[in-house]
Amino acid sequence: MSSVDEPPDGGWGWMVVLSTFLVHVFAVGAFTSIGVFYAEFREVFKESAGSTSFISSVFIATMLMCSPIASALSNLTSCRAVAMAGGIISAVGLGVSFFAQNIVHLIITIGLITGFGMSLMYSPSMAMIGKYFHKRHATANGIAISGTGVSMLVLSPLFQLLIDEFRWNGALLIFGGMTLNGCVFGALLRPLHLKDAGKDKEAEDEEVADSSRTCKVIVPFCQKVLEMFDVTLLKTPPFLIYSLSLFLLMLGYSMIFVHLVAHAQALGVEKTQAAFLPSIMGIVAAVVRPINGWLSDRLPVRKLYYYMAGSIGLGICNIAIPHSRTYVALVVCMVFYGVTSGAFDPLIAVLARKYSGGFRVSGGLGWAFVFQGAAFLLGQPIAGWLYDATGNYDMSFYAAATFIFVSVVILLLLVPRKGRSWALESGEPAPDVPRDECDGVVGLQARQLPVTTEGQNNPVFQL
């Protein structure tokens with residue numbers, strides 16, 4: 001294992017970015033492209049649309065909500081070993097799906113088993129980017145997550161071709177063989193140890209010991225469990241505020257995938273054209289994510305404000321969709337939807353690292369993904385219930401915008417108040433304002449300076 005004083009911001013880190021990019025193509029891309037199998041599953045098993053949609057919902061929820069387990073296993077072994085194991089488990093789940101006789105079988109094999117395997121690849125790869133990159137974290141993250149847009153272009157037509165040639169079960173078996181490449185992606189995650197993490201680890205151990213003193217009397221292994229899953233992060237106010245905001249943002253973001261195509265068809269748009277709308281959004285997002293990651297690392301704007309601006313734009317797009325009555329107007333909305341979502345997507349992991357701490361990035365990402373998974377699990381049913389109650393697709397988009405705007409309001413709790421010692425991330429910092437170790441070259445911490453210098457150096461509560 002390599003040991004360095006600070007993240008190298010390059011070197012082998014770019015191979016880690018390539019690995020994470022490919023993980024997004026296969027893991028997240030499988031979720032966005034599995035809709036190709038949707039019609040086949042309904043026709044073969046004669047199930048309702050609601051029952052069939054549970055396959056993809058359980059898959060994405062399992063992939064995200066099992067992230068703390070992946071993080072705990074990474075802390076016990078290594079991100080490389082966990083990601084390689086995930087590739088094997090994913091392949092097994094898809095392979096067993098070949099013998100499916102009903103939808104419940106597919107929910108278990110694709111939704112739970114394959115979803116868990118993808119989680120073991122997804123979370124460790126994202127955590128490794130946070131370990132290899134510091135000043136260029138947003139840039140590297142933007143490049144990595146653009147794999148999701150690439151998968152929309154590649155996997156969807158590939159799945160349809162495989163279904164036409166080998167039927168749905170043969171296509172799943174071939175895709176299972178493809179996911180074995182996760183072992184190769186995981187092998188690229190070379191372990192890296194940051195020397196400064198030792199000091200932070202001592203502070204964390206003291207915190208864990210204090211919070212689990214009562215538990216240790218009852219359950220001998222309680223302290224070890226708390227350390228593995230980094231439960232103390234949920235007691236950190238900045239991280240908890242950010243995670244709650246992320247939950248609401250993803251709740252609104254997930255709703256568009258349910259009713260967008262149906263909304264377009266209700267306006268008289270031809271089925272093929274309507275189905276192409278999510279692809280337009282994905283293509284645009286894939287292009288702008290690396291660009292926005294690069295810009296957020298270099299513009300004199302705090303990353304939190306950049307993230308909030310993208311979220312506000314996304315909310316406005318959701319309000320505009322019900323008022324777009326032509327196909328051209330919907331295409332314009334999808335372009336702006338891709339641009340605005342591409343503004344905050346690269347910063348999700350960056351801010352999770354910021355508010356959890358550099359060396360606790362695995363635990364921070366794990367818990368952040370749990371909040372995302374819960375949002376994706378609830379968002380689509382809520383959109384369906386709103387349609388059943390109103391008979392109108394518009395309410396889903398208005399509700400999504402409401403959730404997104406509320407998430408931005410919650411983030412205002414992380415913005416420094418007037419009268420505090422703070423400055424924009426530009427130029428040289430004021431003498432009394434320390435640099436922010438998670439916000440790049442010119443990042444500045446925004447916090448109230450302590451009156452004295454002793455007894456007030458707890459890094460967990462510094463923004």
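Visitor: In which helix does Ile283 lie?
Guide: This model is predicted. H14 covers residues 271–298, and position 283 falls in that range. The helix that holds Ile283 is therefore H14.

Visitor: Is Ile283 buried, partly exposed or exposed?
Guide: The relative accessibility of Ile283 is 30%. Buried would require under 20% and exposed over 50%. The value sits between these limits, so Ile283 counts as partly exposed.

Visitor: Which elements give two or more residues to the nonpolar patch that includes Ile283?
Guide: The patch on the surface is formed by Val150, Leu153, Val154, Phe276, Ile283, Val287 and Ile291, with about 560 Å² of accessible area together. Two elements give it two or more residues, with ranges 147–179 and 271–298. They are helix H8 and helix H14.

Visitor: Which element gives the most to the nonpolar patch?
Guide: Phe276, Ile283, Val287 and Ile291 are among the patch residues, and their numbers fall within 271–298, the range of helix H14. With 4 residues, the element that gives the most is H14.

Visitor: How confident is the predictor in the protein, as a mean pLDDT?
Guide: A pLDDT of 70 or more is reached by 79% of the residues. Over residues 201–217 the pLDDT is below 50, and this stretch has 21 contacts in the model beyond near neighbours in sequence. Residues 419–463 are also below 50, with 78 such contacts. For the protein, the mean pLDDT is 78.

Visitor: How many helices and strands does the protein have?
Guide: The protein has 463 residues, of which 53% count as buried. Its secondary structure comes to 18 helices and 2 strands.

Visitor: What share of the contacts with a separation of 6 or more comes from residues 24 or more positions apart?
Guide: The contacts counted here join residues with a separation of 6 or more in sequence. Among these contacts, the share from residues 24 or more positions apart is 82%.

Visitor: How much of the accessible surface belongs to carbon and sulfur atoms?
Guide: The accessible surface of the protein comes to about 19400 Å². The part that belongs to carbon and sulfur atoms is 66%.

Visitor: Which residue meets Arg289 in a salt bridge?
Guide: The count for the protein is 3 salt bridges. In one of them, the side chain of Arg289 has a partner at 2.7 Å, N to O. That partner is Asp345.

Visitor: How many residues apart in sequence are the parts that Arg289 and Asp345 tie together?
Guide: The two side chains meet in a salt bridge. Arg289 lies in helix H14 and Asp345 in helix H16, so the pair ties together parts whose separation in sequence is 56 residues.

Visitor: Is Asp345 buried or exposed?
Guide: Asp345 lies in helix H16, residues 327–356. Beyond four places in sequence, Asp345 touches Asn141, Ile145, Tyr253 and Arg289. Its partner Arg289 has a relative accessible area of 7% and is buried. Asp345 has a relative accessible area of 10%, and because the cut-off is under 20%, Asp345 is buried.

Visitor: What is the distance between the closest N and O atoms of Lys303 and Asp297?
Guide: Both Lys303 and Asp297 are buried. They form a salt bridge, for which N and O must be within 4 Å. The closest N and O atoms are apart by 3.4 Å.

Visitor: Which residue forms a salt bridge with Arg325, and where does that residue lie?
Guide: The closest N and O atoms of the pair are 3.6 Å apart, and the partner of Arg325 is Asp394. Arg325 lies in the loop between helix H15 (303–320) and H16, so the pair ties together parts that are 69 residues apart in sequence. Arg325 is partly exposed at 49% relative accessible area, whereas its partner is buried at 12%. The partner is Asp394, in helix H18.

Visitor: Which side chain does a polar contact of 3.5 Å join to Thr139?
Guide: Thr139 is in helix H7, residues 137–145. Thr139 counts as buried at 9% relative accessibility. Beyond four places in sequence, Thr139 touches Gly293, Trp294, Asp297 and Arg298. The polar contact of 3.5 Å joins its side chain to that of Arg298.

Visitor: What is the phi of Arg167?
Guide: Most residues other than glycine have a negative phi. Arg167 lies in helix H8. Its phi is positive, near 65°.

Note on methods. Residues are numbered from 1 along each chain as its sequence is written. This is a predicted model: local features need pLDDT of at least 70, side-chain atom pairs count only at pLDDT 80 or more; totals for chains, interfaces and linings use all residues. Side-chain values use heavy atoms; hydrogens and water are left out. pLDDT is the predictor's confidence in each residue, from 0 to 100. Contact means heavy atoms within 4.5 Å. Buried means under 20% relative accessible area, exposed over 50%, partly exposed in between (1.4 Å probe, protein chains only). Accessible areas come from the Shrake-Rupley method with a 1.4 Å probe; for residues, only the protein chains shown count as cover. Patches are made of residues with over 30% relative accessible area and no salt bridge: like charges are joined within 9 Å, nonpolar side chains (Val, Leu, Ile, Met, Phe, Trp, Tyr) within 5 Å. A polar contact is a pair of N or O atoms within 3.5 Å; within protein, one must be able to donate a hydrogen and the other to accept it, and residues adjacent in sequence count only if both atoms are side-chain atoms.
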